[in-house]
There are 2 protein chains.
Amino acid sequence: MKNKKIRIGIAGLGTVGSGVVNLLDKNKEEIFRRTGFEIEIAAISATDKTKQRDCDITGFKFYSNPLDLIDSEQIDIIVELIGGDKVAKELVLKSIKKNIHVVTANKALIALHGNEISEISEKNQCDVAFEASVAGAVPIIKVIRESLSANKIFWIAGIINGTTNFILTKMLQTKKNFDDVLEEAKKLGYAEADPAFDIGGIDAAHKLAILSSISFGIPLDFNSIYVEGIENIELDDLNYAKELGYVIKHLAIGRRVKNGIELRVHPCLIPNTRLIANVDGVKNAVVVSSDAAGPTLYYGAGAGSLATASSVVSDIIDISRKIISKSNVSVPLQSYQQGSQSKENILNIREIKSRYYLRIRVINEPGVLARITKIFGSKSISIESILQKEDLINDEFVPIVLVTHAVVEKNITDALVDIENLEVVKDKIIKIRIEELN
Amino acid sequence: MKNKKIRIGIAGLGTVGSGVVNLLDKNKEEIFRRTGFEIEIAAISATDKTKQRDCDITGFKFYSNPLDLIDSEQIDIIVELIGGDKVAKELVLKSIKKNIHVVTANKALIALHGNEISEISEKNQCDVAFEASVAGAVPIIKVIRESLSANKIFWIAGIINGTTNFILTKMLQTKKNFDDVLEEAKKLGYAEADPAFDIGGIDAAHKLAILSSISFGIPLDFNSIYVEGIENIELDDLNYAKELGYVIKHLAIGRRVKNGIELRVHPCLIPNTRLIANVDGVKNAVVVSSDAAGPTLYYGAGAGSLATASSVVSDIIDISRKIISKSNVSVPLQSYQQGSQSKENILNIREIKSRYYLRIRVINEPGVLARITKIFGSKSISIESILQKEDLINDEFVPIVLVTHAVVEKNITDALVDIENLEVVKDKIIKIRIEELN
């Protein structure tokens, strides 16, 4: 077993790929002390060999096509860090069929094609590991698949997109509005030039698809996830939430309820006493609530070259141990075995039950509140509290900030349509769900 | 592979043992859906069969001596939940020699005899798993041994004793003193009748011995750990710390420094902006800072029947997978392979460098502060800030609350001896280390 070498190929040399090359070099000895084997990069692949990058690739065998790499090289593991779901998917499926194990950081690939990949990989007794696909350095995949394996998981809730969390944190800290902070995030490299994928919640939804499949033993089902971004959150809302004892966070939530499973990504008010309410900036955190362990929380860097590489390399090491032991048993890709997954009812967002924060901009005249509360009454919505802004008493328009008791969302949605039709109501009503997370 | 059964024996049916029996029954189906095998309790053992307990043991084969259990039964895994390091040690060593894998929650056993157990278990290719020995439901052992396997770990800092954290939290929240809150903790079952083991820090030190060995690749070395309890923390200190922007927590700290490794358990002031500063009550949390992943934090229930059983059963499942795959490769018990551990210099507490919070009770007269600061000056200690309590101006005695810049501890210790010798100084000086945790 000692002095055995594991040969890997690395496809994709962007931020994460460079991090993996650097980390394997930097901590070669540390890894050998733990494992007793060496991880050798047999070859690498990227579209452009001459591009400037953050790792030194001199001395590595180079392929411009990753499919050529797996055809030509004798490797144990391919590390797919190309991204996207075109070439990456072809590479992963071909590798599995050639009995080459796969490590990937590709959330879109797993979220959109994981069911197929899972089935084929089990058939071929080949591992596909994806720790780095969710929450960067935070080992949430291993925790759910292995550490909580004796539990029935009730719900998961995560801050799993650093860009949105950075923006919400900065808006509140610096009292700036969304657009200004977004510009700052772009300058700092925390937001892409086209940030729609992060800001709009798609990135978080890919990750929620993965987390919910392995938590609840259900097929990956990206399309059933309700997704709402943070584009409409205003500084006013962050301030009102604070006054009410809450913090607004963009959460990915999966929850078992009586009639199925809720899967949703949207901004939430959460009590400021919750640990996750104090997770700021680009950091990620996931809370998992399960029957035996109770609530547990996992926190750390959600992105970054070496942080993500830490998860990629831990997957390489896990698979290497398996290869060396000639073991043919893996933790199932989706945590639950093929055939043991249950097809649950994924609730439409209109069916979920929640408390709501509502901000309604109205003309400042007597009787307005009465007309609004009458509509709420007609939809069986009770108001828990109203935030009065006395200092605005002489303004033409004033905000009414309301917190409702728990109610089915369709009642709220329908009531808001009626309220928005009142001529005394200006602008679209801001509606943010409240999550107690207990 | 399907429908294979794993046979286990359970030795010890206290809080954790009952939890394991209950959890294996409750989540039998959930575990089968994940693993494809059944975990069968072949036999159980406890000193008194008739004792009332929280699990139903009718139908189980019973032994009053666990050594008889492993001699008479064909089992794959023995679950050692007896506690202590006498019978437990005998049982574990005998099991390994009979090629029966071991799962244990016994921190004292691993902390005090882990080096020996590790060596013998590797020789016999037999696993000894101990996730439940530190931080209850929090999977900190697996995270350090497997998820952070590509990292060089710089430092670890944990709230890993629920009793002390409950007391410190309650004192601040309810403005009660130590003795009153300790009584409350006893009533709630959060503190033992003889709480010295928890309050004095020995329990946390056992856990730190384990965490530091697997984090730094050093032999277990319980006796080199500096241990200080929370007996001397007064409500005043919690209040002053709060005024300074800190929270007092009882931390277990392991840290690589230039000339060796620091291992210490003691109360600390930590900035209230740190996530771990917000970990309250009986909860546990561990921060691990490593070169690639950066700082990551793991949080959850540190004790409790089912919470601890969650970790025990996850270990049983891990080992069962290994048995079924006929794998002969394990993650090394101490994370690093036998022979790869380094013997590092464990620093004496006098050699560590820290900032200090000091509370000195003095006679309220002119010139006292000058005499004190002169002594600090003579030991190269600079003062960062002094908290003046103006409202005490007419009292006979007043506290001087100081924060020092970073300095080697022996300078502080020596200075405090001289200061305590001044006739204007009353009582022992309260000295609490400040940890920035960054």
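So, how do the two copies meet? In this predicted model, 100% of the interface residues of chain B are also interface residues in chain A, so the copies meet through the same surface.

Let's look at how they are arranged. If you turn chain B by 180 degrees, with 0.0 Å of shift along the rotation axis, chain B superposes on chain A with an RMSD of 0.0 Å. The two copies are thus related as by a two-fold rotation axis.

Now, how many residues does each chain bring to the contact? Chain A provides 53 residues, and chain B provides 53 residues. On the side of chain B that touches chain A, at least two residues each come from helix 2 (28–35), helix 6 (140–147), strand 12 (294–301) and helix 12 (305–324). Which of these gives the most? That would be helix 12 of chain B, with 10 residues. And if you sort the residues on that side of chain B by character, you get 27 nonpolar, 18 polar and 8 charged.

Next, keep your eye on strand 12, residues 294–301. Strand 12 of chain A and strand 12 of chain B run antiparallel, and 3 bridges join them. Try finding one pair of residues on your screen: A:Leu297 stands opposite B:Tyr299, which belongs to strand 12 of chain B.

Finally, a word on confidence. Where pLDDT is low, the predicted coordinates should not be read in detail. For chain A, the mean pLDDT is 95, and 99% of its residues reach 70 or more. As for the model's scores, ipTM is 0.96 and pTM is 0.96.

Thanks for listening, everyone!

Key: Residues numbered from 1 in each chain as written. Chains lettered and ligands numbered in written order. Predicted model: local features only at pLDDT ≥ 70, side-chain atom pairs only at ≥ 80, totals over all residues. Contact = placed C-beta atoms within 7 Å. Helix = DSSP H or I, 4+ residues; strand = E, 2+ residues; numbered from the N terminus. Nonpolar A, V, L, I, M, F, W, Y, C, P; charged D, E, K, R; others polar. Pairing = 2+ DSSP bridges. pLDDT = per-residue confidence, 0-100. Least-squares fit on C-alpha atoms with pLDDT ≥ 70 in both.
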